[in-house]
Amino acid sequence: MDTILLVVVVVVALGFDFTNGFHDTANAVATSVSTRAVSPRLAVAIAATANLAGAFVTTAVAKTVGKGIIDTGLANEKTILAALIGAITWNLITWWLGLPSSSSHALIGGLVGAAMAHSGFKGVQWHGLAHNVAIPAVAAPAIAFVSAFLLLVALYWAFVRATPGFANRTFRIGQLASGTWVAFTHGANDAQKTMGVIALALYETGHLSHFYIPTWVIVAAGLAIAAGTYAGGWRIMRTLGQRVISMEPASGFAAQTTAGFTIYFATHFGYPLSTTHVISGSILGAGATKRLSAVRWGVAGNIVFAWLLTIPAAGLVAAALYWPVEGLF
């Protein structure tokens with residue numbers, strides 16, 4: 001039964017990774033598609049390939065998720081399974097509604113909810129949750145907002161004498177690189193969360209003598225998120241690419257470039273960042289260069305509401321599922 005449960009956990013974890021991919025496809029390709037820099041299908045293919053490549057960059061985030069959120073001494077495979085199902089459920093709900101909520105925070109919320117259902121408050125490493133999740137969740141979108149604003153102002157100044165046609169062609173070409181960059185950093189950060197969960201399950205069952213990320217886990221997680229990315233997330237893409245602001249090639253390039261660098265540095269330091277938060281912040285920052293009224297703040301407010309709701313909602317779903325999972329296995 002323990003072996004069967006472990007296999008189920010690994011399969012469900014890869015299933016979550018797949019939903020992460022199609023849920024977050026818009027992060028990388030929405031601005032490129034909305035500015036007509038690239039066709040939707042080609043954009044998704046590029047994003048899938050870059051996501052796969054990014055999965056092999058580092059394992060710092062995987063180690064944070066596996067060891068820094070819940071107490072590994074108290075958690076078990078049932079805790080992890082309930083957490084994954086809760087995260088997948090919330091991902092599917094927000095995907096259906098077209099809300100760009102965070103897959104990362106859905107997973108973290110699931111882990112917290114399932115751990116509390118299993119062990120109470122002691123099952124969660126609250127300091128790690130605050131340091132690794134809460135602070136980056138607030139800081140990263142703000143950094144992306146300011147960075148995109150400043151970069152776009154600099155680009156407008158640099159291209160002040162260029163004709164609109166030349167500038168648009170230049171930035172559409174630039175978006176091929178900036179969109180790939182966002183997809184690469186997305187894969188580097190998000191694929192690792194699933195790696196961390198699978199490694200935690202292997203460690204809890206004694207299949208690993210110490211906590212590390214096996215190569216086969218890296219490959220499997222990278223392929224799963226790439227496949228999900230290729231499947232596409234067109235509902236969310238429309239929200240980010242068209243409903244928040246009216247995107248132009250220059251603003252799309254600025255948003256993607258700054259978002260990619262924000263995600264990259266967070267990945268380097270091991271923070272399980274919400275790529276959705278970051279790209280949304282950078283899009284809003286780029287839009288604000290025109291005038292504050294250029295941003296459709298009502299839609300942005302709905303996005304923020306989804307952000308705030310994600311961790312507790314996914315946590316409640318995971319907590320509710322813990323007891324049925326325990327009874328089943």
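This report describes the helices, buried residues and selected contacts of a predicted protein model.

## Overall architecture and confidence

The protein chain contains twelve helices and zero strands. Read from the N terminus on, its elements therefore run α-α-α-α-α-α-α-α-α-α-α-α, where helices and strands are taken as DSSP runs. Of the 329 residues in the protein chain, 58% are buried. Among contacts between residues at least 6 apart in sequence, 87% join residues at least 24 apart.

Because the model is predicted, the confidence in each residue, expressed as pLDDT, should be kept in mind. The mean pLDDT of the protein chain is 86, and 88% of its residues reach 70 or more. Over residues 240-245, however, the pLDDT is below 50. This stretch nevertheless has 29 contacts in the model beyond near neighbours in sequence.

## The packing of α6 and α11

Two packed helices are described by the angle between their axes and the distance between the axes. Helix α6 covers residues 126-158, and helix α11 covers residues 275-287. These two helices pack at an angle of about 35°, with their axes 7 Å apart. In this arrangement α6 passes α11 in a right-handed crossing. On the side of α6, the contact is made by Ala-137, Ala-140, Pro-141, Ala-144, Phe-145, Ala-148, Phe-149 and Leu-152. On the side of α11, the residues are His-277, Val-278, Gly-281, Ser-282, Leu-284, Gly-285 and Ala-286. By class, the contact has eleven nonpolar, four polar and no charged residues.

Two residues illustrate this region. His-277 lies in helix α11 and counts as buried because its relative accessible area is 4%, where buried means under 20%. Leaving out residues up to four places away in sequence, His-277 touches Ser-102, His-105, Ala-137, Pro-141 and Trp-307. Ala-139 is in helix α6 and is partly exposed, at 28% relative accessibility. Ala-139 and Val-278 are 139 residues apart in sequence, yet their C-alpha atoms are 9.4 Å apart in space.

## The buried residues of α3

Helix α3 consists of residues 60-67. Which of its residues are buried? They are Val-61, Ala-62, Thr-64, Val-65 and Gly-66. The elements that cover these buried residues include α5, α6, α7 and α10. In the sequence, α5 spans 103-119, α7 spans 164-204 and α10 spans 249-268.

## A salt bridge within α7

Side chains of opposite charge can pair when their charged atoms come close. A search of the whole structure finds one salt bridge. In the salt bridge between Asp-190 and Lys-193, the side chains meet at 2.6 Å, N to O. Where do these two residues stand relative to each other in helix α7? They are three residues apart, so about one helical turn separates them. An α-helix has 3.6 residues a turn, so residues three or four places apart point the same way. Are Asp-190 and Lys-193 buried or exposed? Asp-190 is buried, with a relative accessible area of 0%, and Lys-193 is also buried, with a relative accessible area of 2%.

Helix α7 also holds His-186. At 2% relative accessibility, His-186 counts as buried. Along the chain, His-186 and Asp-24 are 162 residues apart, while their C-alpha atoms are separated by 8.6 Å.

## Contacts of Thr-19 and Gln-125

Thr-19 is placed in helix α1, which comprises residues 2-34. With a relative accessibility of 8%, Thr-19 counts as buried. Apart from its neighbours within four places in sequence, Thr-19 is in contact with Ile-88 and Asn-91.

Gln-125, in contrast to a residue within a helix, is found in the loop between α5 and α6. Its relative accessible area is 29%, so Gln-125 is partly exposed. The C-alpha atoms of Gln-125 and Lys-67 are separated by 9.1 Å, although the two residues are 58 residues apart along the chain. Not counting residues up to four places away in sequence, Gln-125 touches Lys-67, Gly-68, Ile-69, Ile-70 and Asp-71.

Methods: Residues are numbered from 1 along each chain as its sequence is written. This is a predicted model: local features need pLDDT of at least 70, side-chain atom pairs count only at pLDDT 80 or more; totals for chains, interfaces and linings use all residues. Side-chain values use heavy atoms; hydrogens and water are left out. Helices (H or I, at least four residues) and strands (E, at least two) are DSSP runs, numbered from the N terminus. Buried means under 20% relative accessible area, exposed over 50%, partly exposed in between (1.4 Å probe, protein chains only). Contact means heavy atoms within 4.5 Å. pLDDT is the predictor's confidence in each residue, from 0 to 100. Axes are lines fitted to C-alpha atoms, for helices over the stretch in contact, and angles run from 0 to 180 degrees between N-to-C directions. A crossing is left-handed if the near helix is turned anticlockwise from the far one by less than a right angle, and right-handed if clockwise. Ala, Val, Leu, Ile, Met, Phe, Trp, Tyr, Cys and Pro count as nonpolar, Asp, Glu, Lys and Arg as charged, and the others, Gly among them, as polar. A salt bridge is a side-chain nitrogen of Lys or Arg within 4 Å of a carboxyl oxygen of Asp or Glu.
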